[in-house]
Amino acid sequence: MTSGLYSGPLLVLLCLLHSSEESCSSMCLCTSDIVSCSSSGLSKIPLSLPSFSATLDLSHNHLSWLGPGSFNRMPRLENLWMSHNQLSALGHGVFHNASGLRYLDLSSNKLRVVEQHYFQGLWRLEELLLFNNKITQVEAGTLNGLSSLKKAYFSLNQITHFPFFSIQDHSHPFLTMLDLSSNRMSRLPWEDVKALPGLVQRGLYLHNNSLICDCSMYSVFWHWDLRGYDSLKDFTDEHTCSIYGDLRASIQFLRQNRFFHNCTLEKAVSLPVTVLFSRVLVSEGERVHLDCQTSLSSTDLEFTWLSPSKGYITQASVNDTLISLLPNGTLEIQAAKVNDSGLYVCTAVDIKQALNATREVNVTVLQPPAESFNTGYTTLLGCVVTMILILVYLYLTPCRCSCCKQPKPPVIPIATYDPSTLSSVFSPSLRDHSKIQTNKHVVFMEPMISEEGTEWTPEN
């Protein structure tokens, strides 16, 4: 019983010691795996941050420099907000040991040159936000290695040249948005732009730039306009160009196209593309068939699928037993997994007529319902359950049912009358024996002899 009294506080102490290993800075707010240090007046990153954090918010502070290994102690970091700071440059190896980053926000800072070493090792990065800086140059190898990149925002800067040639099908298979709007680009390498993957061209935003009107520029935008790209439909009036480089002679070339009547447009470019879109919802482990039905009626077509997990899939490149491409363009997945979710794009090409059409299928794979606990929740739950069991053990009323054996009542001896023993009641030996009895932890009623000496009476 005595050991149980100390086991409760000991377990509480162990829980507190465990939590102290993952302390939270006094300038931040830590909840589960989310750490918020926003608007805390920080000039450097706090050292005491939980290593299991998945989201870190350092926005609206006074950070001006990130040194090597700034996030070494946070290997599980996935989302990082650092907007509205004073960052002008990033050191080498800033994101060492943080290769799990998926979302990086460096917007509204003072970056001037995006160097090629800034994002080394971030092969899982999906969204990169660099808008509203003072960027004038993006080095050629900046996006190299970002094979999982889906969206990149470079708008509201002072960029004059961009390395379009570094973005290719095999290097950035998932890139669907590249925002270069509101910069200072006047002449673009249009051949490199036309060589961009189809998904990148669909999500390329170039409005509010100081473009110079010429036929090469107009042919590319006319091509995109025929395809109905959202980047043009949503910002029709913001697409302007200056005639002969004179900014005062600026026209909205998507509405006023008289200046380009003498331009010769390529046949392959002038033919529109039809895009069909659908959604598929399946459970994990099911077989999935994604058809490539398009507006093309020819029977001599070549099919290419772009999948979120396998990249480009063609008849010649399929070497996976779990996925196959049928002759009619249907993509078959034997047993769908959760990481197979995403946008699947099929491109059907009619080489003879120089036509192509696209079908997009958004696949969502649902995993079996299962509750998952965070590490912090699991530790807290374990401590709470342990404390409840200890309290039940210490304070719950014992069982008094009929099946439990009750202890036998103490037997009170009955004394006989002996005059010779009257003097021994106050003898030293009995006094010592009485003292020994009173040192017990449990109180018992001591028998005493009455003055008459005829019977025993309990002592009050």
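**Exercise 1. Are Y118 and F119 buried or exposed?**

Keep in mind as you work that this is a predicted model.

*Solution.* Y118 is buried, and F119 is buried as well.

**Exercise 2. Work out what kind of aromatic pair W81 and Y103 form, and where the two residues sit.**

*Solution.*
- Step 1: Start with the search of the whole structure, which turns up twelve aromatic pairs.
- Step 2: Look at W81 and Y103, whose rings are 5.3 Å apart centre to centre, with 50° between the planes. Planes under 30 degrees apart would be stacked and planes over 60 edge-to-face, so the rest are called tilted. This pair is tilted.
- Step 3: Find the two residues in the chain. W81 belongs to strand β4 (residues 79-81) and Y103 to strand β5 (residues 103-105), so this pair links distant parts of the chain, 22 residues apart.
- Step 4: Check the accessibility. W81 has a relative accessible area of 29%, so W81 is partly exposed. Y103 comes out at 19%, and because buried means under 20%, Y103 counts as buried.
- Step 5: Now try the rings of Y118 and F119. Their centres are 6.1 Å apart and their planes stand at 85°, so that pair is edge-to-face.

**Exercise 3. Describe the surroundings of N209.**

*Solution.*
- Step 1: Locate N209: it's in the loop between β11 (204-205) and β12 (211-212).
- Step 2: Ask how accessible N209 is. Its relative accessibility is 6%, so N209 counts as buried.
- Step 3: Follow the side chain of N209. It reaches the backbone nitrogen of M185 at 3.2 Å, and the backbone nitrogen of R184 at 3.5 Å.
- Step 4: List the neighbours. Leaving out residues up to four places away in sequence, N209 touches L180, S181, S182, N183, R184, M185 and T240.

**Exercise 4. Take three of the salt bridges and say which parts of the chain each one joins.**

*Solution.*
- Step 1: The structure holds eight salt bridges. Begin with E126 and R102, whose side chains meet at 3.1 Å, N to O. E126 is in the loop between β6 (113-114) and β7 (127-129), while R102 is in the loop between β4 and β5, so the pair ties together parts that are 24 residues apart in sequence. E126 is partly exposed at 23% relative accessibility, and R102 is partly exposed at 34%.
- Step 2: Move on to R287 and E332, with their closest N and O atoms 3.9 Å apart. R287 sits in the loop between β15 (275-283) and β16 (288-290), and E332 in strand β20 (residues 331-333), 45 residues apart. R287 counts as exposed at 52%, whereas E332 is buried at 11%.
- Step 3: Finish with R359 and D291, which meet in a salt bridge at 3.1 Å, N to O. R359 is in strand β22 (residues 355-366) and D291 in the loop between β16 and β17 (302-307), 68 residues apart. R359 is buried at 12%, and D291 is partly exposed at 25%.

**Exercise 5. Which residues make the nonpolar surface patch of about 460 Å²?**

*Solution.*
- Step 1: The patch is made by L380, V384, I388, V392 and L396.
- Step 2: Zoom in on L396, found in the loop between α7 (375-395) and α8 (428-438). L396 has 58% relative accessibility, so L396 counts as exposed.

**Exercise 6. How many helices and strands does the protein chain have?**

*Solution.*
- Step 1: The chain has eight helices and 24 strands.
- Step 2: For the wider picture, buried residues make up 36% of the 460 residues.

Methods: Residues are numbered from 1 along each chain as its sequence is written. This is a predicted model: local features need pLDDT of at least 70, side-chain atom pairs count only at pLDDT 80 or more; totals for chains, interfaces and linings use all residues. Side-chain values use heavy atoms; hydrogens and water are left out. Rings of Phe, Tyr and Trp (its six-membered ring) pair if their centres lie within 6.5 Å; planes under 30 degrees apart count as stacked, over 60 as edge-to-face and the rest as tilted. Helices (H or I, at least four residues) and strands (E, at least two) are DSSP runs, numbered from the N terminus. Buried means under 20% relative accessible area, exposed over 50%, partly exposed in between (1.4 Å probe, protein chains only). Patches are made of residues with over 30% relative accessible area and no salt bridge: like charges are joined within 9 Å, nonpolar side chains (Val, Leu, Ile, Met, Phe, Trp, Tyr) within 5 Å. Accessible areas come from the Shrake-Rupley method with a 1.4 Å probe; for residues, only the protein chains shown count as cover. A salt bridge is a side-chain nitrogen of Lys or Arg within 4 Å of a carboxyl oxygen of Asp or Glu. A polar contact is a pair of N or O atoms within 3.5 Å; within protein, one must be able to donate a hydrogen and the other to accept it, and residues adjacent in sequence count only if both atoms are side-chain atoms. Contact means heavy atoms within 4.5 Å.
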